[in-house]
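Here are my notes on this one, point by point. Have the viewer open while you read.

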Amino acid sequence: MSESTERSVVVERTSSGQFVATNARGGSISFGTVPDGQGTGFTPVELFLAAIGGCTAADVDVATGRHAEPAEFSVAVTGDKISDDLGNRMTNLMVTFTVAFPDGEGADRARAILPRAVKTSHDRLCTVSRTVEIGTPVSVTIRDA
């Protein structure tokens, strides 16, 4: 039996400018277009950046983590939000890994494969950044409530 290729989330409005996305497994994350009460809530653009970073971080962690537990592992994702003749969009997307391993044979192997793991994630594995790089049309419809 083959796995279904469809992935989905449902986004529901919770209040003015605030939303919750729920996946098919019941997990959820709140976000909004205006800061929440503490000013810490994610915006849709920040979720987009987190998706790129999380996707490639997971790929690289699988490849390097089987050899050694990292002492430090973070992925910073930045970009510029612009508005021009093409509309609102992100440009200058940059993914920066900061990874350190303790001393040891396994850590030496993890350090050695880190550049290849990052490249392979970017070039082949990370579904999110591959979708952005290749460019995939987005269809929009309205369904009667």
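1. Let's begin with the strand pairing. E2 and E3 run antiparallel to each other, paired over five bridges. Bear in mind throughout that this is a predicted model.

2. For the register, two positions are handy to click on. Val 20 sits opposite Ser 30 in E3, and Ala 21 faces Ile 29 in E3. The two strands make a hairpin with four residues between them. Look in the turn for Gly 26, whose phi is positive, at about 95 degrees.

3. Zooming out, the hairpin strands E2 and E3 belong to an open sheet of three strands, ordered E1-E2-E3 with antiparallel pairing. E1 and E3 are the edge strands, each of them pairing on one side only. From one strand to the next, the twist averages 25 degrees.

4. Now the pockets, which you'll probably want for any grid work. The largest pocket holds about 1,000 Å³ of space. Its lining counts 26 residues, and those nearest the centre are Arg 7, Val 9, Leu 47, Ala 51 and Val 128.

5. Which elements supply at least two residues each to the lining of the largest pocket? On the strand side they are E1 (9-15), E2 (18-23) and E3 (28-32), and on the helix side H1 (44-65) and H3 (127-134). So that you can weigh them: H1 has the largest share, at six residues. By residue class, the lining of the largest pocket splits into 15 nonpolar, eight polar and three charged.

6. The second largest pocket contains about 220 Å³ of space. Its lining includes Ile 52, Thr 56, Leu 93, Met 94, Val 95 and Phe 97, and also Val 118, His 122, Cys 126, Ser 129, Val 132 and Glu 133. The elements giving two or more residues here are H1, strand E5 (87-100), helix H2 (105-125) and H3. E5 gives the most, with four residues. In terms of class, this lining has eight nonpolar residues, three polar and one charged.

7. H1 and H3 are worth colouring in your view. Both give at least two residues to the lining of the largest pocket, and both are also among the elements that give two or more to the lining of the second largest pocket.

8. On the cysteines: how many disulfides does the structure hold? The count is zero. Are Cys 55 and Cys 126 buried or exposed? Cys 55 has a relative accessibility of 17%, so Cys 55 counts as buried, the cut-off being under 20%. Cys 126 is buried too, because its relative accessible area is 0%. Cys 126 is also one of the residues lining the second largest pocket.

9. One last residue, Lys 119, is found in helix H2. Lys 119 counts as exposed because its relative accessibility is 53%, and exposed means over 50%. Between Lys 119 and Arg 66 there are 18 Å in space, C-alpha to C-alpha, and the two are 53 residues apart in sequence.

Technical notes: Residues are numbered from 1 along each chain as its sequence is written. This is a predicted model: local features need pLDDT of at least 70, side-chain atom pairs count only at pLDDT 80 or more; totals for chains, interfaces and linings use all residues. Side-chain values use heavy atoms; hydrogens and water are left out. On a 1 Å grid over the protein atoms alone, a cavity is a set of points where a 1.4 Å probe fits but cannot get out, and a pocket is an open set with protein on both sides within 12 Å along at least five of seven lines; lining residues have an atom within 4 Å of a point. Grid points are joined across faces, edges and corners, and a volume is the space filled by probe spheres set on the points. Ala, Val, Leu, Ile, Met, Phe, Trp, Tyr, Cys and Pro count as nonpolar, Asp, Glu, Lys and Arg as charged, and the others, Gly among them, as polar. Two strands pair if DSSP finds at least two bridges between them. Axes are lines fitted to C-alpha atoms, for helices over the stretch in contact, and angles run from 0 to 180 degrees between N-to-C directions. A disulfide is a pair of cysteine sulfur atoms within 2.5 Å. Buried means under 20% relative accessible area, exposed over 50%, partly exposed in between (1.4 Å probe, protein chains only).
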